[in-house]
Amino acid sequence: MTLEGRGIVCNYGAVRALAGVDVRAAGREILAIVGPNGAGKTTLLKVLSGERRPDSGEVVLDGCPVSGSDAAWRARIGLVSHRTGLYEKLTVTENLRFFATLHGVARNGRTLTATLEAVGAGGLATRRIEALSRGQRQRVALARSLLHAPEVLFLDEPFTGLDPEGAAALERALATRRDEGTVVVLVTHDLRRGLRLADRVVVLRRGRKVFDGEAIEEGAGEILDRFTAGAGGP
């Protein structure tokens, strides 16, 4: 399975957020999209997931165009973003049962427990979302995104707020999904983690792709440093 963004252009008024970006993510690999603030990382993830339509270009899966307006496409993806999508007044288990119903997934306790344990959130099942820390909510949001075994998993800065234990659990979960054939696309400003965790890395700077290659490729670290050094805000 291969997901591609072809010639992606996105504008916000007079600001060009993405200037003809091509990107490719395949099954059984983790693609990290890295770069400084304002590089266009989140915009690119929104386009690939279907949350935002590009002003020009297209997104295709195995050569067939996909769109965020297509319910069948949305059912095939999982998304973890800055918005957790969780209901504050419900417990963790109640949230997962609700989303399991939406996806037509079995709501039995064993399935929900296994999903929570996979992301290191097994002890949170009976707690309300409003009582959780930022990192704990992030773990539950990841569990929500994995419930229906998505074919493509998108993550926007998923390590934000996680303690070392939570970060390690997330890395294990992503490695498992990759090994099971999922296309994993990860946006992060953490270059070291991106290089360590991903199989391939795309670097964006000011809306343009400035590097695209294997994470273990000789010299990748130096290239990343060169294009992100001294980067400021958005």
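# Questions on a predicted model

Trainee: Which residue follows helix 1, and what is the sign of its phi?
Mentor: Happy to start there, keeping in mind that this is a predicted model. Just after helix 1 the phi angle is positive, near 95 degrees. The residue with that angle is Gly50.

Trainee: Is helix 1 largely enclosed or largely open, and how many of its nine residues are buried?
Mentor: Helix 1 covers residues 41–49, and its buried members include Leu44, Leu45, Val47 and Leu48. Lys41, Thr43 and Ser49 are on the buried list too. The helix is largely enclosed by the rest of the structure, because the number of its nine residues that are buried is seven.

Trainee: Which residues have the most contacts inside the largest nonpolar core?
Mentor: A good general starting point is that nonpolar side chains tend to be buried together in soluble globular proteins. Here the largest nonpolar core has 39 residues. Those with the most contacts inside that core are Leu142, Leu155 and Leu174.

Trainee: With which residues is Leu174 in contact, leaving aside neighbours within four places in sequence?
Mentor: Contact here means heavy atoms within 4.5 Å. With the sequence neighbours within four places set aside, the partners of Leu174 are Ile30, Leu153, Leu155, Val184 and Leu197.

Trainee: How many residues are in the other core that lies apart from it?
Mentor: Among the members of this other core are Leu31, Leu45, Val152 and Val187. Leu45 is also one of the buried residues of helix 1. The size of this other core is 26 residues.

Trainee: Which residues form the nonpolar patch on the surface?
Mentor: One member, Phe98, lies in helix 3, residues 92–103. Phe98 has 33% relative accessibility, so it counts as partly exposed. Together the patch residues have about 370 Å² of accessible area, and they are Tyr87, Leu90, Phe98 and Leu102.

Trainee: What is the phi of Asp62, and where is this residue found?
Mentor: Asp62 is in the loop between strand 4 (56–61) and strand 5 (64–65). At 49% relative accessibility, Asp62 is partly exposed, since exposed would need over 50%. Although Asp62 is not a glycine, its phi is positive, at about 50 degrees.

Trainee: Is Arg206 buried or exposed?
Mentor: Arg206 sits in the loop between strand 9 (200–205) and strand 10. Its phi is near 55 degrees, a positive value in a residue other than glycine. With a relative accessible area of 68%, Arg206 is exposed.

Trainee: What distance separates the C-alpha atoms of Val210 and Val21?
Mentor: Val210 belongs to strand 10, residues 208–214, and its relative accessible area of 27% makes it partly exposed. Along the chain, Val210 and Val21 are 189 residues apart. In space, the separation of their C-alpha atoms is 9.8 Å.

Trainee: How many disulfides are counted?
Mentor: A disulfide is a covalent bond between the sulfur atoms of two cysteines. Looking at cysteines here, Cys10 is buried at 0% relative accessibility, whereas Cys64 is partly exposed at 48%. The rule asks for sulfur atoms within 2.5 Å, and the disulfide count comes to zero.

Trainee: How many salt bridges are counted?
Mentor: Side chains of opposite charge can pair when their charged atoms come close. One example is Glu130 with Arg128, at 3.5 Å from N to O. Glu130 is partly exposed at 33% relative accessibility, and Arg128 is partly exposed at 44%. The count of salt bridges is 17.

Trainee: How many residues apart in sequence are the parts that Asp163 and Arg139 tie together?
Mentor: The side chains of Asp163 and Arg139 meet in a salt bridge of 3.1 Å, N to O. Asp163 lies in the loop between strand 7 and helix 6 and Arg139 in helix 5, so the pair ties together parts whose sequence separation is 24 residues.

Trainee: Which residues are linked with Asp212 in a network of salt bridges?
Mentor: Asp212 forms a salt bridge with Arg200, with the closest N and O atoms 2.6 Å apart. Because Asp212 lies in strand 10 and Arg200 in strand 9, this pair ties together parts 12 residues apart in sequence. Asp212 is partly exposed at 32% relative accessibility, while Arg200 is buried at 14%. The residues linked with Asp212 in the network are Glu29, Arg200 and Lys209.

Definitions and conventions
Residues are numbered from 1 along each chain as its sequence is written. This is a predicted model: local features need pLDDT of at least 70, side-chain atom pairs count only at pLDDT 80 or more; totals for chains, interfaces and linings use all residues. Side-chain values use heavy atoms; hydrogens and water are left out. Buried means under 20% relative accessible area, exposed over 50%, partly exposed in between (1.4 Å probe, protein chains only). Helices (H or I, at least four residues) and strands (E, at least two) are DSSP runs, numbered from the N terminus. Patches are made of residues with over 30% relative accessible area and no salt bridge: like charges are joined within 9 Å, nonpolar side chains (Val, Leu, Ile, Met, Phe, Trp, Tyr) within 5 Å. Accessible areas come from the Shrake-Rupley method with a 1.4 Å probe; for residues, only the protein chains shown count as cover. A salt bridge is a side-chain nitrogen of Lys or Arg within 4 Å of a carboxyl oxygen of Asp or Glu. A nonpolar core is a set of buried Ala, Val, Leu, Ile, Met, Phe, Trp, Tyr and Cys residues joined through side-chain atoms within 4.5 Å.
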